[in-house]
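Please describe the enclosed empty spaces in this protein, together with its main open pocket, and say which residues surround them.

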Amino acid sequence: MKWLAFAVFVFLAAPLVVILATAFSASALLVFPPEGISLRWFAAFFERRDFREGLVTSVLVAVPATVLATSMGTATAIGLHQAPGKLARAIEGVVLSSLFYPLLVLALGITLLFNRLTIAGSYPALVLAEAFLGLPLAFRVVASGLANFPAGIEAMAASLGASPSRVFRSVTIPVLRSAIAGAFLLVLLVVFNESLIALFLRGPDLVTLPVEMFGYIRFRIDPLLAASSAIFVLATILVLLVVQRVAGLGSLTGGRD
Amino acid sequence: MTIGRWLAVTPALVLTIGLFVVPAGLLAITSLMTHAPGQAPAPPFGFQNYARIFTDSLIAAKTRETMIMALVVAGVSVALAFPVAFWLARTRSRLRTLAVVLLLSPLITNYVALVFGWFVVLNEGGLLNSALRAVGLEPVPVLYTWFSVVTGLIHLALPFAALPLIAAFSNMDPALEEAAATLGASARRRMRYVVLPLIAPGLAGGFMLAFAVAMSAFVYALYLGNPTTLPIPLLIWQQTAANNYPMAAALAVLLFLLTALGLALVLWVGRRLLSAPRSSAPA
């Protein structure tokens, strides 16, 4: 079983390893093993205005969308925490429902709505859509942080005379801090990498880096794409490692991570 | 629900209704509208788009292919996820963190970057063929085939297949397996009559999520496939790119129904497979 698992991890790593290897290669050929080591493809990446602007747009979309998603997800998790009744479970179901819906169908539906409202291709519209995409994830991470909340600690603070707002500020938020930080980083990562909704809602001045790459790969496949892909791979690995340290990935793996 | 709780959940609820429930309704309505080049979808309403879908033999063939591809992807993903989940749920290895990060990476990494990665793995001089040459085998032309699309999709679907399984394995009490072993059950019988029934919900959940992912990712078919590997998601993208939103919407409704059908099928088969043997299991 152990060796089978190892083989699957090799399969999981294969595309990531070749992306990093070709991005740092000195050759223009996409062969493996790569020939020589250099940073020339990263230099070439930053020399291209469209890629540079794509990276800036990606960050400008991801940050506000993540702030929105994390604050809404946190509020929802706190609001539903230990809430009794079927209604609370139903609300939880509604907020999580989009996780099980085909992303393509979701993207097309949002595009149709934004076309009607004539806001498709505008910056706030894309931020809102990406915030919606991150919402269930943020909710899950914070809710699972709440599930590990020391029982009765809020009631204890209240019995010692703290007002509800004081309890919230001095007890709830500090205990939840790492879960909220984990949710923020994960959603930031997901939105930064997201290509499908960004593709459907793109505008003349609103092209994120994944969408820029989507257009580029159609005509050319070269190490420039490797450098740009490597940015996403490195960001993904680094942020996941940080989240694992800060909040644990248990809310995703359902286990003890 | 108190007023405070309502205030806390309202923004998320409004956003979900606005960007999930309303668009789903709009999608259904648009699929009944008429397309005129250069114009927004408009009435008259009718079933003309669906009529085209159900009379077009190309779309019928694509529907079959999409379903087969998604079923293969989901099946292989669950099979590959099984040893991974089994190992991750029990190991105390220091490589565990790295393994979890590796497993989660396809879930997050930009599709286009992953497609590019598979291009470099599968092309003429790529990782796979270099490895084959190194051991003295003939290189295989797998890029731009059904196989390359399915390989990419399996990679993408693996974390979705693995996560419910990891949860199932973590919640399983190891003492049950030990008890079966003490009572003389062979490794195979322990797997069949103890482990599998206990993790069945995880297997079904993983299969369903992997299936839904495979039903949606058109970027893989577009850039790793060829004109004959043209499943429904890619048709939806092409109709959208051509501004034929009513047709795209009708195909999206079809995709949604196929996904739901596939999920119902999994639940039904899973229930039959796993409930029947228990009654016939030797005492």
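## Cavities and the largest pocket

The largest cavity is bordered by Thr66(B), Met69(B), Ala70(B), Val149(B), Leu153(B), Ala214(B), Ala217(B), Ala221(B), Pro231(B) and Pro233(B). This is a predicted model, in which local features need pLDDT of at least 70 and side-chain atom pairs count only at pLDDT 80 or more, while totals for chains, interfaces and linings use all residues. Residues are numbered from 1 along each chain as its sequence is written, chains are lettered from A and ligands numbered from 1 in the order in which they are written, and side-chain values use heavy atoms, with hydrogens and water left out.

On a 1 Å grid over the protein atoms alone, a cavity is a set of points where a 1.4 Å probe fits but cannot get out, whereas a pocket is an open set with protein on both sides within 12 Å along at least five of seven lines; lining residues have an atom within 4 Å of a point. The whole structure holds two cavities of 30 Å³ or more.

| Space | Volume |
|---|---|
| Largest cavity | about 50 Å³ |
| Second largest cavity | about 40 Å³ |
| Largest pocket | about 1,100 Å³ |

Around the second largest cavity lie Ser58(A), Val61(A), Ala62(A), Glu130(A), Val191(A), Phe192(A), Glu194(A), Ala198(A) and Thr208(A).

Turning to the largest pocket, 39 residues line it, and those closest to its centre are Leu99(A), Leu107(B), Phe160(B), Leu209(B) and Val213(B).

Definitions and conventions
Points joined across faces, edges and corners; volume = space filled by probe spheres on them.
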